[in-house]
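Here is a short walk through one protein chain. Keep the structure in view as you read.

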Amino acid sequence: MKKKSIEDKLNIKPIKETTALEAIAVPKPPVPTKNAPPLSEQDKFDDIQYARYILRDAIDKTSNVLGDAIMMAKTESSPRAYEAVGDIVDKITNMASKLVEIHKTVNDIEKKAGNKENDEPKGNTNILIATTKDIVEAIKEEPKTKEK
């Protein structure tokens, strides 16, 4: 006779185990294909935000591990435990510098986008090449043309 699981006995559906990323519903970036269209600005922004989220989450989790490792190093007084603490600190520092690089990348992208807007003409630009005498004559003739 087959043993009934607790879910069968209670007549409930089993709970699906989820990872931390699935639990907070962070969208995964699309997998690129050979014939994929170029990434839009929104796609690039989403990818940067996703990478930023992953790094921040990793820094937080590693910081928690660091606290545990420091407590273990203090209790054991082992050189290996202190070496592990040093490695964890190095990892956190590397991740923090990558996070700063992401911010620099975002700033560079925003600057490029701002420069593109400033480079484009804002409408019709007329340039008048004339002498002062030509301008004065044009002003004097203007009321005559309006009266007609």
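**From the first helix onward**

Start at helix α1, which runs over residues 6–10 and contains I6. This is a predicted model, so the confidence scores deserve an early look. The chain averages a pLDDT of 78, and 74% of the residues score at least 70. Confidence varies along the chain. Among its elements, helix α2 (residues 20–23) has the lowest mean pLDDT, at 57. Helix α3 has the highest, at 87.

Go back to I6. Its relative accessibility is 55%, and exposed means over 50%, so I6 counts as exposed. I6 also belongs to a nonpolar surface patch. L10 and I12 complete that patch, which covers about 310 Å².

Now move to helix α3, residues 41–76. Does its length fit what a helix should span, or depart from it? At 1.5 Å a residue, its 36 residues should span 52 Å. The C-alpha atoms at its two ends are 52 Å apart, which agrees.

Which residues of α3 are buried? They are I48, Y50, L55, I59, T62, L66, A69 and A73. K61, in the same helix, is another case. K61 has 42% relative accessibility, so it counts as partly exposed.

K61 also has a charged partner. Side chains of opposite charge can pair when their charged atoms come close. The side chains of K61 and D57 meet in a salt bridge, with N to O at 3.1 Å. These two residues are 4 apart in helix α3, so about one helical turn separates them.

Just after α3 comes S77. Its phi is positive, about 50 degrees.

Helix α4 follows in the numbering, over residues 79–119. How many salt bridges does the structure hold? It holds 2. Besides the K61 and D57 pair, E83 forms a salt bridge with R80. Here the closest N and O atoms are 3.7 Å apart. E83 and R80 are 3 residues apart in α4, so they too are separated by about one helical turn.

Are the partners in α4 exposed or partly exposed? R80 has 51% relative accessibility, so it counts as exposed. E83 has a relative accessible area of 45%, so it is partly exposed. The cut-off of 50% falls between these two values.

Note on methods. Residues are numbered from 1 along each chain as its sequence is written. This is a predicted model: local features need pLDDT of at least 70, side-chain atom pairs count only at pLDDT 80 or more; totals for chains, interfaces and linings use all residues. Side-chain values use heavy atoms; hydrogens and water are left out. The expected span of a helix is 1.5 Å times one less than its number of residues. Buried means under 20% relative accessible area, exposed over 50%, partly exposed in between (1.4 Å probe, protein chains only). Patches are made of residues with over 30% relative accessible area and no salt bridge: like charges are joined within 9 Å, nonpolar side chains (Val, Leu, Ile, Met, Phe, Trp, Tyr) within 5 Å. Accessible areas come from the Shrake-Rupley method with a 1.4 Å probe; for residues, only the protein chains shown count as cover. A salt bridge is a side-chain nitrogen of Lys or Arg within 4 Å of a carboxyl oxygen of Asp or Glu. pLDDT is the predictor's confidence in each residue, from 0 to 100.
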